[in-house]
Structure formats: structure tokens, C-alpha cells
Amino acid sequence: MRTATLYRFKLPMEAGIILRYQRLKTRDGFLVHLQENGQQGWGEISPLPEFSKETIEQAGQAAETWLKQWRLGAEPDESELPSVAFGISCALAELQGKLPKDANYRKAPLCNGDPDELIVRLSNMSGQKVAKVKVGLYEAVRDGMVVNVLLEAVPDLSLRLDANRSWSRAKADSFAKYVNPDYRNRIAFLEEPCQTPEQSLAFARETGIAIAWDESVRDEGFKVEEQAGVAAVVIKPTLIGSLARCCQLISAAHNAGLEAVISSSIETSFGLTQLARIAHWLTPATIPGLDTLELIQSQLVRRWPGSTMPVTGLDELEISWCS
Ligand SMILES: [Mg+2]
């Protein structure tokens, strides 16, 4: 006997969160709940505006279609919509006892511009110190100086940088010029410095600053391979698809000698705790990129350990479908 419920949520975002061309006021999505023979599993389906190709309505319809078939005893193919495939695969994995409970709740703190604030946060961090800095938002020269300041102030720090394909090759070079050559090997990777993967590869080879693929992972025809200057692939399950698909990418990355970094697509605390479990399970040696909890004003059902933010409970959610 199977039952399934789809809950819809809408949580307020912190003011001023802009995704590409759009101000995001609420984080919208679904929680899916599967039950069978006294077992249960949950997942979050939350396509990210401007990044996911599917809309929230399309995700809801696809989830409903899948759930109707599953409810009747079928084992439907995974949805073609990544957010739906991911959320449902998490629910199935919990239901089948395949997703371990242990989690990696360490996260690489994210710096959006103020290095002093990050230095304070890092001083409270124990063990391996890894932080992430968004670059490409200001002058490349300023980015280079911020990176120098951080690496100089915190001698055991390694940095992940993310330029989101925003630089021309010339701009990327002016960034690199300002980074002290002695510090370059403490840049674990710089995600997608240039507008094209070819330019980014050439940049990595010529500057000795390692790069990582993120946007490219979702491009048609992307293949994980060993490439000079490439250190990592960033895996955002909500944008990639089912757990099975993520597992494939992670093992391909590991086989090619690359680090695989599980990262968030601004999921709620519910989705983030699941991503922390997935990271602990599939990428145990790597700190995941999950420092987005505080972009949403409320947690959802499952708390992030140690967070004192309010929690929206299941009883406050609208049931969008159940059977
Ligand atoms: Mg990125």
C-alpha cells in the first residue's frame, strides 16, 4: 500500500536577493512525502528561478504525474525536470533506507564582498579552513586585492572563488596579476572565470590558478574529463537531476582525479540538510558549498543544526496533492 502527498511551500527571502535579472522575494517549492509498508521518505522540489529551466508550475505538474503512477504501484522513470527528479529520488532513497543519516554540516563560508566579516567567521572555524568568495561583481583588481588580503590574514585558509563566467580573458588576467604568485596554490579553484570554457581553460593553464566547472556541468554535451588546470566540478543536484545522475557525475569526477563539490541551489533548511547527508555519503573528503541557509527568512520542517532561525512547520503548508 502506497500513499503520497505533495506539500507546497512559499518562504520569504531576505531582502535584496537578486538572481541574475530577477529579485527573488519568496522561495517556492514542494515537499514530497512517500509512504509504503510503514516506511517513509521525503524530498524537496524547488526549481530555482533564472537557473532551472522548469517553472514551479511545471515542476508541480510533473511531480503529480509521477506520484499518481507510483501510487498505483508502478516504478515510473525519473522526471526529465531536474528539480523533480532530484526531490523524488531523495524521497525514494529515504524510503528505501539508502540515504544515510550522518551528515557533513560543515560549510564553506561565503563572502559577498566584506573580507573583514569573513576573517572573523574564519577565526571561529575549526579544522580545515575553506571559504568561498564571489568575484566578478566589482573591479577585477579589487577582487584580486580581496583575495590577497584574505590569504595573507588567514595563513591556513584555502579559497574557492566563483566568477560565474563574468570575465573577459583580459579581465581575468588583470585579476590574476593582482594575486600574489605565492598564494595562487591556495586558491583551491576558481569557478568559471571566463565567458567560455575554452577561455577559462587557457586562463588556468597560463596563470597556474586552478579552475572548476559549474555552469558547464549543465551544458549540453558536458563530459567529466581530466584537463590541465581543472581541479573540481560543482554539482548542484536541484539543477542536475536524480541522485543516480549525481552519483554518476561524482564518480566520473573522482575517476578523473577531480574534486566533486556538492552545492546548494538555495534550497530550504529541509533540502540543505539532505544535501549535507548526500555530501557526507558521496563526497566525504570535501566540504560542501551549502552556505545559503540565511538567504531565506525561515527554516522548513527540518532544522539546520545550530540555527536559531524560525521554522515553518508541516501544518502550515498547503497540501497541493495527495492520494
Ligand atoms: Mg558557481
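**Figure 1. Helix H6 and the elements around its buried residues, in a predicted model.** Within helix H6, which runs over residues 197-207, the residues Ser200, Leu201, Ala202, Phe203, Ala204 and Thr207 are buried. These buried residues of H6 pack against one helix, H5 (169-178), and against the strands E9 (187-191), E10 (211-213) and E11 (230-235). H6 is followed by Gly208, a residue whose phi is positive, near 75°.

**Figure 2. The magnesium ion and the residues that coordinate it.** Asp162 and Asp214, each through OD, and Glu191, through OE, coordinate the magnesium ion at 2.0 to 2.2 Å. Along the sequence, these donor residues follow the spacing D-x28-E-x22-D. Distant parts of the chain are linked by the pair Glu191 and Asp214, which are 23 residues apart, with Glu191 in strand E9 and Asp214 in the loop between E10 and E11. Glu191 and Asp214 are both buried.

**Figure 3. Helix H8, its buried side and its exposed face.** Helix H8 is made up of the 13 residues 243-255, and at 1.5 Å a residue it should span 18 Å, a value that agrees with the 18 Å between its end C-alpha atoms. Buried residues of H8 are Leu243, Cys246, Leu249, Ile250 and Ala253. Because these buried residues cover an arc of only 125° around the axis, they lie on the same side of H8. On the face of H8 turned away from that buried side are the exposed residues Gln248 and Asn255. The buried residues of H8 pack against the helices H2 (82-95), H7 (237-240) and H9 (269-282), as well as against strand E11 and strand E12 (259-262). Just after H8 comes Gly257, which takes a positive phi of about 75°.

**Figure 4. The largest pocket and Lys134 in its lining.** The largest pocket holds about 890 Å³ of space. It is lined by 32 residues, of which Ile18, Leu19, Phe51, Lys134 and Asn164 are the closest to its centre. Strand E2 (18-19) and strand E7 (129-134) each contribute at least two residues to the lining of this pocket, and Lys134 lies in strand E7. With a relative accessible area of 25%, Lys134 is partly exposed, since that value falls between the 20% under which a residue counts as buried and the 50% over which it counts as exposed. Between the C-alpha atoms of Lys134 and Val154, which are 20 residues apart along the chain, the separation is 18 Å.

**Figure 5. The second largest cavity and its lining.** When the whole structure is searched, 2 cavities of 30 Å³ or more are found, and the second largest cavity has a volume of about 30 Å³. The residues that line the second largest cavity are Lys132, Arg160, Phe189, Glu191, Val234, Val261, Ser263 and Gly289. Among them is Glu191, which also coordinates the magnesium ion through OE.

**Figure 6. Gln299 and its contacts.** Gln299 lies in strand E13, which covers residues 299-300, and with a relative accessible area of 0% it is buried, because a residue counts as buried under 20%. Although Gln299 and Thr268 are 31 residues apart in sequence, they are 6.2 Å apart in space, from C-alpha to C-alpha. If the neighbours within four places in sequence are left aside, Gln299 is in contact with Leu11, Ser269, Leu293, Trp304, Ser307, Met309, Pro310, Val311 and Thr312.

Terms used: Residues numbered from 1 in each chain as written. Predicted model: local features only at pLDDT ≥ 70, side-chain atom pairs only at ≥ 80, totals over all residues. Heavy atoms only, no water. Buried < 20%, exposed > 50% of the residue type's maximum accessible area, 1.4 Å probe, protein only. Helix = DSSP H or I, 4+ residues; strand = E, 2+ residues; numbered from the N terminus. Contact = heavy atoms within 4.5 Å. Expected span 1.5 Å × (residues − 1). Arc of directions from axis to C-beta. Donors = N, O, S within 2.8 Å, 3.2 Å for Na, K, Ca; no water. 1 Å grid on protein atoms, 1.4 Å probe; cavity = no way out; pocket = protein on both sides within 12 Å on 5 of 7 lines; lining within 4 Å. Points joined across faces, edges and corners; volume = space filled by probe spheres on them.
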